[in-house]
Amino acid sequence: MKELSRSVKSPGDLGVEVIGVPDGATIELDLRLESVMEGVLVTGTARAPLKGECVRCLEPLEQECVADFQELFSYPDADDRSRPTAEAGDDAEEEDTFSIEGDCFDLEPVLRDSVVLALPLQPVCREDCPGLCATCGARLADDPGHDHDDAVDIRWAALEGLAESMKDGEKDAPREAGDDSQEK
């Protein structure tokens with residue numbers, strides 16, 4: 001068993017549309033390498049800086065991502081009897097295995113998977129971020145009392161006119177009992 005700490009540069013393209021690890025940023029790795037029968041078991045934690053924007057107010061934000069991972073890197077000449085047999089044409093098992101090449105193994109695919117999966121789905125600048133005004137796009141955190149006059153959608157303008165006429169007392173004349181002329 002061996003424990004290592006390394007600082008590596010970001011391989012780039014670690015992220016999604018709204019947040020990610022900047023290209024060339026330093027990622028801190030704490031690794032534990034254990035020799036097992038099939039190969040080397042790598043357990044680790046990656047700490048990476050994140051840059052992006054808040055999904056509610058679109059302000060830039062910076063956070064830190066902590067991603068844990070564990071992967072087995074197989075010896076190239078490992079005993080095939082210890083591995084489950086795959087049916088002919090089943091390449092899924094071969095695709096998911098990582099192997100050691102000489103004394104080295106490529107940690108980038110494992111690091112990429114763990115960091116991208118650890119990213120927040122909806123990054124926000126703060127938990128109670130009110131976002132943007134739906135009418136004018138103003139940032140509501142800057143102006144908490146932000147308000148607009150009740151603008152009426154043009155599709156409802158005719159109904160607003162009817163509602164105002166009802167308020168002004170232009171109601172239908174009251175009907176007398178037995179008078180059903182107003183119902184037709």
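Leaving aside neighbours within four places in sequence, which residues is Glu64 in contact with? In this predicted model, Glu64 is in contact with Arg47, Ala48 and Leu50 once those neighbours are set aside. Glu64 is found in strand β6, and Pro49 of the partner strand stands opposite Glu64. The C-alpha atoms of Glu64 and Leu50 are separated by 5.4 Å, although the two residues are 14 residues apart along the chain. With a relative accessible area of 55%, Glu64 is exposed.

The pairing around Glu64 belongs to a longer register. Strands β5 and β6 pair in the antiparallel sense over 15 bridges. Their hairpin has six residues between the strands, and Leu58 takes a positive phi near 65° there. Strand β5 also pairs with β4, again in the antiparallel sense, over eight bridges. In that pairing, the bridge partner of Arg32 is Thr43 in β5. The β4 and β5 hairpin has three residues between its strands. A further antiparallel pairing joins β3 to β5 through two bridges, and Ile19 stands opposite Gly52 in β5. Strand β5 is thus named in the pairings with β3, β4 and β6. In general, the side chains of a regular strand alternate between the two faces of the sheet.

Charged side chains also link the paired strands. The count comes to six salt bridges. One of them is formed by the side chains of Asp30 and Arg47, at 2.9 Å from N to O. Asp30 lies in strand β4 (residues 26-35) and Arg47 in strand β5 (residues 39-53), so this pair ties together parts that are 17 residues apart in sequence. Both partners fall in the intermediate class of accessibility: Asp30 is partly exposed at a relative accessible area of 35%, and Arg47 is partly exposed at 33%. Arg47 is also among the residues in contact with Glu64.

A second salt bridge is made by the side chains of Glu62 and Lys51, at 3.9 Å from N to O. Because Glu62 lies in strand β6 (residues 60-74) and Lys51 in strand β5, the pair ties together parts that are 11 residues apart in sequence. The relative accessible area of Glu62 is 62%, and the residue is therefore exposed. Lys51, at 48%, is partly exposed. Another salt bridge joins Arg139 to Asp142, with the closest N and O atoms 2.9 Å apart. Asp142 counts as exposed, at 58% relative accessibility.

The buried part of the model was examined next. The largest nonpolar core has 28 residues. The residues with the most contacts inside this core are Val21, Ile27, Leu29, Val42, Phe69 and Leu107. The elements that give two or more residues to the core are β3, β4, β5, β6 and α2. As a general tendency in soluble globular proteins, nonpolar side chains are buried together.

Phe69 illustrates how these parts come into contact. Not counting residues up to four places away in sequence, Phe69 touches Leu29, Leu31, Val42, Thr43, Gly44, Thr45, Ala46, Leu107, Val110 and Ser114. Of these, Leu29, Val42 and Leu107 are listed with Phe69 among the residues with the most contacts in the core, while Val110 and Ser114 are buried residues of helix α2.

In helix α2 (residues 108-118), the residues Val110, Leu111, Ser114 and Val115 are buried. They cover an arc of only 115° around the axis, which puts them on the same side of α2. What covers these buried residues includes β3 (19-21), β4, β5, β6 and β7 (98-99).

A buried polar residue is found in a loop. Ser10 lies in the loop between β1 (2-9) and β2 (14-15). At a relative accessible area of 8%, Ser10 falls under the 20% limit and is therefore buried. Apart from residues up to four places away in sequence, Ser10 touches Val21, Pro22, Asp23, Gly24, Ala25 and Ile27. Two of the residues touched by Ser10, Val21 and Ile27, are also listed among those with the most contacts inside the largest nonpolar core.

Terms used: Residues are numbered from 1 along each chain as its sequence is written. This is a predicted model: local features need pLDDT of at least 70, side-chain atom pairs count only at pLDDT 80 or more; totals for chains, interfaces and linings use all residues. Side-chain values use heavy atoms; hydrogens and water are left out. Helices (H or I, at least four residues) and strands (E, at least two) are DSSP runs, numbered from the N terminus. Buried means under 20% relative accessible area, exposed over 50%, partly exposed in between (1.4 Å probe, protein chains only). Contact means heavy atoms within 4.5 Å. A salt bridge is a side-chain nitrogen of Lys or Arg within 4 Å of a carboxyl oxygen of Asp or Glu. The arc is that of the directions from the helix axis to the C-beta atoms. A nonpolar core is a set of buried Ala, Val, Leu, Ile, Met, Phe, Trp, Tyr and Cys residues joined through side-chain atoms within 4.5 Å. Two strands pair if DSSP finds at least two bridges between them.
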